[in-house]
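Here are a few exercises to work through with the model open in your viewer. Try each task before you read its solution.

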Amino acid sequence: MSQPTSLEAVQKTSFADMHCSIGRTLEVVGHWWSPLIVRDVHLGLHRFDDIAGNLGISRNLLTRRLDDLVAAGILERRRYQDRPPRYEYHLAEAGRDLVPVLMAMMAWGDKWQTPPGGPPALLVHDACGREFTPRVCCSECGAEITAGTVTARSGPGAAAGPGTRLLGGRVHRT
């Protein structure tokens with residue numbers, strides 16, 4: 001049996017029915033091109049040809065990813081030309097809420113997978129005008145969150161199922 005020639009050729013396992021917020025999120029944005037497309041739209045590339053050119057992605061694959069992101073409510077299409085019909089892509093509310101997650105991924109990448117020469121982009125906070133490194137902070141006290149400072153507890157939607165069996169013995173039930 002021959003091996004697939006690309007990751008795209010490997011059949012993907014669906015996480016849509018998994019009782020786990022991370023798994024369900026990966027179902028929507030887990031394709032490796034999706035975060036890069038959302039990043040590009042956030043950075044101001046709104047037209048198909050601009051996104052395709054920046055990423056070097058095939059037109060067919062970009063069409064599928066854009067359709068998926070629109071269907072998931074992460075991007076919205078806006079018509080900018082009638083003949084022929086042409087659209088721009090903009091972040092929908094769910095896409096705007098995804099941007100800080102991508103910034104946290106960027107901070108991790110800048111620390112652990114830095115390209116030669118250093119980080120390719122620096123973030124500047126508009127309110128204070130200063131460069132910053134994204135951090136995850138507690139919504140209640142503002143303290144930085146790390147792997148060692150958090151305990152997971154069962155939430156109102158907790159249920160045993162794929163992706164949550166491991167947590168059954170470790171999660172505190174309230």
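Before we start, a residue class: Ala, Val, Leu, Ile, Met, Phe, Trp, Tyr, Cys and Pro count as nonpolar, Asp, Glu, Lys and Arg as charged, and the others, Gly among them, as polar. This is a predicted model, where local features need pLDDT of at least 70 and side-chain atom pairs count only at pLDDT 80 or more, while totals for chains, interfaces and linings use all residues. Residues are numbered from 1 along each chain as its sequence is written, and side-chain values use heavy atoms, with hydrogens and water left out.

**Exercise 1.** Describe the largest pocket and its lining.

Solution. Step one is the rule: on a 1 Å grid over the protein atoms alone, a pocket is an open set of points where a 1.4 Å probe fits, with protein on both sides within 12 Å along at least five of seven lines; lining residues have an atom within 4 Å of a point. The volume, the space filled by probe spheres set on the points, comes to about 540 Å³. Next, the lining: it has 17 residues, and L36, R39, L102, M105 and M106 are the closest to the pocket centre. By class, they split into 12 nonpolar, 3 polar and 2 charged. Finally, the elements (DSSP runs; helices are H or I with at least four residues, strands E with at least two): α2 (34-42) and α5 (93-112) each give two or more residues, and α5 gives the most, with 7.

**Exercise 2.** Work out how β1 and β2 are joined.

Solution. Strands pair if DSSP finds at least two bridges between them. Here β1 (residues 75-81) and β2 (residues 86-91) run antiparallel with 6 bridges, and R77 has Y89 as its bridge partner in β2. A hairpin of 4 residues makes the connection. P84 lies in that loop, and a cis peptide bond joins R83 to P84, with omega about -10°. For context, most peptide bonds are trans.

**Exercise 3.** Which arginines lie over the faces of Y80 and Y87?

Solution. Apply the test: CZ of Arg (or NZ of Lys) must be within 6 Å of the ring centre and within 35 degrees of the ring normal. R47 lies over Y80, at 3.7 Å from the ring centre. R77 lies over Y87, at 3.8 Å.

**Exercise 4.** Classify the pair formed by W32 and W33.

Solution. Rings of Phe, Tyr and Trp (its six-membered ring) pair if their centres lie within 6.5 Å; planes under 30 degrees apart are stacked, over 60 edge-to-face, the rest tilted. The W32 and W33 rings sit 6.3 Å centre to centre with 65° between the planes, so the pair is edge-to-face.
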